[in-house]
Amino acid sequence: MANLLTSRLPAAIIGLRTRIFTRINGEEGIPVPGERIDVSRFKELYSHPAANGRSEGAGLSDLFWYWLSPGAEIHQEHIEPGERYEEVARVTKRILALPRKVAEERAARCAAHVLDEQGIRKATSVRLRDLMMPIWAEFYYEVVFGEPCPRRARDLIVGNADDVVTALKGLSPRHMRRRLRLTRYLRERLEANAVPHELPSCLSLEERAFYLQGVFFNTAVVQMSEAMAHLLLFLAQDQEVQARLADTLDDERYLDRIITESLRVHPLFGIAHRITTQDIALEDVPPIPKGSVLCFNYQAYHHAGFEDPERFDPERWLNQSAREANYMPFGATANRPCPAQALALVTMKAVAREMIRRFRAFSSATHTRSLPNRGPCVLEPRDAPPEPHARASLLASMRAREPWEDAGRGVLQFLLGTYMVLDARRMKLCQRHFEAGREAAPLGTKPSGCPFTGRNA
């Protein structure tokens, strides 16, 4: 009975949750790939100049703004196309433009600092996402402020990032006080002129605090922590690949293939939505009218055209070009590409080397793209003799706990996810923002400013 409950309950809850969410939100959007637009047009449509609307006009935006508050209206990824977006994007790109050697050294140093603090001297159970988050908090603090990250700031950044990603996965409600503590800290630093970069001139001081929080301490910290947790979990479950990597840590091409394959199997983005700002006409595809919501499914795209697509196999990239494959983990160059692509790959390699140089990793945990279990893993110090009995005991405990944890998370996600979808629909943060902008702006002008702060660009 217990096995039946733990094996079937999560799937049943996911199905029920999906039906309820659809009933609440409606069936919005055109799935890509889907019946109307197949996978062969994914990149072409994603790159189309008219597929550039980001927030206004999509009910989904209310939900994403709810999860990414405060300051979702200032987040680079949610600003509508135009001069405001272009200036913010230029500043972000400039801040992230670190020389490769500097980025590698800084990422390795932050990883070493956090891992030294852990003091792992014997086989130990960890959650990989939790282990990675302080590393990226320290790294991006240095990127923004140009100085080492104090412990108080790291705790604020990790508390904020963990709250955002846990709410996104429906495992906890939002804790806005926790997030606003980071906002206040950033505002104080801005008032003290502690940021050495020239920030967007179109933003007020408060909006600049939201900008730093959203771009660097929400998105960058969360995405890099999740990307590294996926990468290390793949290595923990493929001892052959891990052993080869440990023996050839300086083999740049082999590590490139491992990271490429990790991002292919479990891309950072699940569904990215865009709103069409003009009619789109593609050959052999029914016209897509202005105002359509396009829902791009990254994982479906990355899995199309590959043999046994869910299998982690870095060797498939020996004779396969990423440019020619169904693969674009950082988005399309022509349509809001991820500004951290180059930096992300360089620093992922530096942190992966630091981890594998120090530890042997093992895991029997379920590995899905959403990673609700935060990547359970057993780490053994590589400079100490193997501990097969202790490791086996920890892995057995992991296997015994996981079905019950999955069932508990499923119930929690159903209850909290439903509550947050309803709460986001009640608050309508995105819709209210644009309605307020239209009411405040003279006819014929584009809306700007924030209805919650009262400040204009």
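The legends below accompany close-up views of a predicted model, covering one helix packing and several salt bridges.

**View 1. Helices α7 and α9 pack against each other at an angle of about 70°.**
Two packed helices are described by the angle between their axes and the distance between the axes. Here the helices are α7, formed by residues 151-168, and α9, formed by residues 205-236, and their axes lie 9 Å apart. With angles of 65 to 115 degrees counting as roughly perpendicular, α7 is therefore roughly perpendicular to α9. On the α7 side the contact is made by I157, N160, A161, V164 and V165, which meet Q213, F217, N218, V221, V222 and E226 of α9. Sorted by character, the residues of this contact comprise 7 nonpolar, 3 polar and 1 charged.

**View 2. E142 and R109 form a salt bridge between helices α6 and α5.**
Side chains of opposite charge can pair when their charged atoms come close. In this pair the closest N and O atoms of E142 and R109 are 2.8 Å apart. Because E142 belongs to helix α6 (residues 128-145) and R109 to helix α5 (residues 100-118), the pair ties together parts that are 33 residues apart in sequence. The partners can also be described by their accessibility: E142 is buried, with a relative accessible area of 8%, whereas R109, at 35% relative accessibility, counts as partly exposed.

**View 3. E226 and K169 are joined by a salt bridge.**
The closest N and O atoms of this pair are 3.2 Å apart. The salt bridge links distant parts of the chain, since E226 lies in helix α9 while K169 lies in the loop between α7 and α8 (176-191), 57 residues apart. Both E226 and K169 are buried. The residue E226 also appears in the first view, where it is listed among the α9 residues that meet α7.

**View 4. The side chains of R244 and E315 meet in a salt bridge.**
The N to O distance in this pair is 3.5 Å. Distant parts of the chain are linked here, with R244 in helix α10 (residues 239-247) and E315 in the loop between α12 (298-303) and α13 (341-358), 71 residues apart. R244 is partly exposed, with a relative accessible area of 36%, and E315, at 30% relative accessibility, also counts as partly exposed.

**View 5. Salt bridges that share partners form a network.**
The residues joined into this one network are R100, E104, E252, D256, K349 and R353. The structure as a whole holds 41 salt bridges, and those shown in the preceding views include the pairs of E142 with R109 and E226 with K169.

Technical notes:
Residues numbered from 1 in each chain as written. Predicted model: local features only at pLDDT ≥ 70, side-chain atom pairs only at ≥ 80, totals over all residues. Heavy atoms only, no water. Axes fitted to C-alpha atoms, helices over the stretch in contact; angles between N-to-C directions. Helix = DSSP H or I, 4+ residues; strand = E, 2+ residues; numbered from the N terminus. Parallel < 35°, antiparallel > 145°, perpendicular 65-115°, else oblique. Contact = heavy atoms within 4.5 Å. Nonpolar A, V, L, I, M, F, W, Y, C, P; charged D, E, K, R; others polar. Salt bridge = Lys/Arg side-chain N within 4 Å of Asp/Glu carboxyl O. Buried < 20%, exposed > 50% of the residue type's maximum accessible area, 1.4 Å probe, protein only.
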